Amino acid sequence: MWWFQQGMSFLPAALVIWSGAAFVFSFITAVTLHHVDPLVPYISDTGTTPPERCLFGIMLTISAFLGVGTMYVRYKQVEALNREEVSIILRLNQIGLGLGLISCLGLCIVANFQKTTLIQAHITGAVLTFGMGIIYLLLHTIISYKMQPAIHGIGIFWIRCTLLIWCAGSILSMFVSSLALYTTIPTIEMAMKLHWNPSDKGYKLHMVSTISEWSLAFSFLSYFLTYIRDFQKISLHAEVDLCSDTLYDRIPGLERNGERRPLLAGSL
């Protein structure tokens, strides 16, 4: 049996591979058609112009649904492993699921509202995706710490902690550089600008911001790779419970006709 056939491990693997492919395919298409510069454009810029916009939108929407599935399975796994506990772990797990679902909603918004069309909606989606997402990573890093050594070793905690720090550093760098860039160049002009030259105003800030964005995206995805081994040890099943043997409200031929009969036998 291959590793991705064990338990639900295919789910986080599919999330990471599919999302990474969405970024890479959109980037290759946009650069090939000269819609963006090849030197580290914004991820959003690679999904702004047709035809890569269509590819970017549908692939990231599927990524959002894969994210929902992955986060739900993780929620059920943590819940099952700590069923006997009445502790902070279950509370953090519930909060984490809610924030994770909001993060996936933000990803749908980013995928389908391009920054050249509705910059406010696009930025809102990005804030939901990475803002709620990094809190989700923080909560599950704390959960990993709380569950060791009884459920797993300390090693997986340190791996997740390292990825969390990488993600936090990237988001901080991106936020500071983007804030400085948007104070230098008007928002609308920034949204429409897809090509940059080293002589352009704010070019260095732009490069710091784009590198930070790519670093943030891949550090975020890398965190879910740590779920693969855990998901090899869980499986979910759906049970069908029929309330009736048919889909009729009343079974034909079995109507109750008693009310139509005379109350007393015989005839007048």
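**Exercise 1. Surroundings of Arg-160**

Find the residues that Arg-160 touches, leaving out those up to four places away in sequence, and then decide whether Arg-160 is buried or exposed.

Solution. Taking contact as heavy atoms within 4.5 Å, one finds that Arg-160 touches Arg-74, Thr-141, Ser-144, Tyr-223, Thr-226, Tyr-227 and Asp-230. The model is a predicted one, in which local features need pLDDT of at least 70 and side-chain atom pairs count only at pLDDT 80 or more, whereas totals for chains, interfaces and linings use all residues. Residues are numbered from 1 along each chain as its sequence is written, and side-chain values use heavy atoms, with hydrogens and water left out.

The next step is to place the residue: Arg-160 belongs to helix 5, where a helix is a DSSP run of H or I with at least four residues, numbered from the N terminus. One of its contacts, Ser-144, is 16 residues away in sequence, and the C-alpha atoms of the two are 8.2 Å apart. Finally, Arg-160 is buried because its relative accessible area is 0%; the classes are buried under 20%, exposed over 50% and partly exposed in between, with a 1.4 Å probe and protein chains only.

**Exercise 2. The two pockets**

Describe the lining of the largest pocket by element and by class, and then do the same for the second largest pocket.

Solution. On a 1 Å grid over the protein atoms alone, a pocket is an open set of points where a 1.4 Å probe fits, with protein on both sides within 12 Å along at least five of seven lines, and its lining residues have an atom within 4 Å of a point. The largest pocket has a volume (the space filled by probe spheres set on the points) of about 920 Å³. Among the 39 residues of its lining, Ala-126, Val-127, Phe-130, Met-174 and Glu-213 are the closest to its centre. Helix 1, helix 2, helix 3, helix 4, helix 5 and helix 7 each supply at least two lining residues, and the largest share, eight residues, is that of helix 4. By class, this lining holds 27 nonpolar, ten polar and two charged residues.

The second largest pocket encloses about 180 Å³. Its lining consists of Arg-74, Gln-77, Leu-81, Met-147, Ile-151, His-152, Arg-229, Asp-230 and Lys-233. Helix 2 and helix 8 (227–231) are the elements that give two or more residues to this lining, and helix 2 has the largest share with three. Sorted by class, the lining has three nonpolar, two polar and four charged residues.

One lining residue can be followed further: Gln-77 sits in helix 2 and counts as buried because its relative accessibility is 7%. Apart from residues up to four places away in sequence, Gln-77 touches Asp-230, Phe-231 and Ile-234.

**Exercise 3. The nonpolar core and the cysteines**

Identify the residues that touch the most other members of the largest nonpolar core, and then count the disulfides.

Solution. A nonpolar core is a set of buried Ala, Val, Leu, Ile, Met, Phe, Trp, Tyr and Cys residues joined through side-chain atoms within 4.5 Å. The largest such core has 36 residues, of which Phe-23, Leu-60, Leu-137 and Phe-224 touch the most other members. Beyond its neighbours within four places in sequence, Leu-137 is in contact with Leu-164, Cys-167, Phe-220 and Tyr-223.

For the cysteines, a disulfide requires a pair of cysteine sulfur atoms within 2.5 Å, and the count by this rule is zero. Cys-167 takes part in no disulfide, and its nearest cysteine sulfur, that of Cys-161, is 12 Å away. Cys-167 is buried because its relative accessibility is 1%, whereas Cys-243, at 80%, counts as exposed.

**Exercise 4. The loop between helix 1 and helix 2**

Examine the backbone at Pro-51, His-34 and Val-40, each of which lies in the loop between helix 1 and helix 2.

Solution. Pro-50 and Pro-51 are joined by a cis peptide bond with omega of about 5°. His-34 has a positive phi, near 60°, although it is not glycine, and it is exposed, with a relative accessible area of 63%. Phi of Val-40 is likewise positive, near 45°, while Val-40 is partly exposed at 22%.

Gly-47, also in this loop, is buried with a relative accessible area of 2%. Leaving aside neighbours within four places in sequence, Gly-47 is in contact with Glu-52, Arg-53, Phe-56 and Gln-114.

Conventions: Ala, Val, Leu, Ile, Met, Phe, Trp, Tyr, Cys and Pro count as nonpolar, Asp, Glu, Lys and Arg as charged, and the others, Gly among them, as polar.
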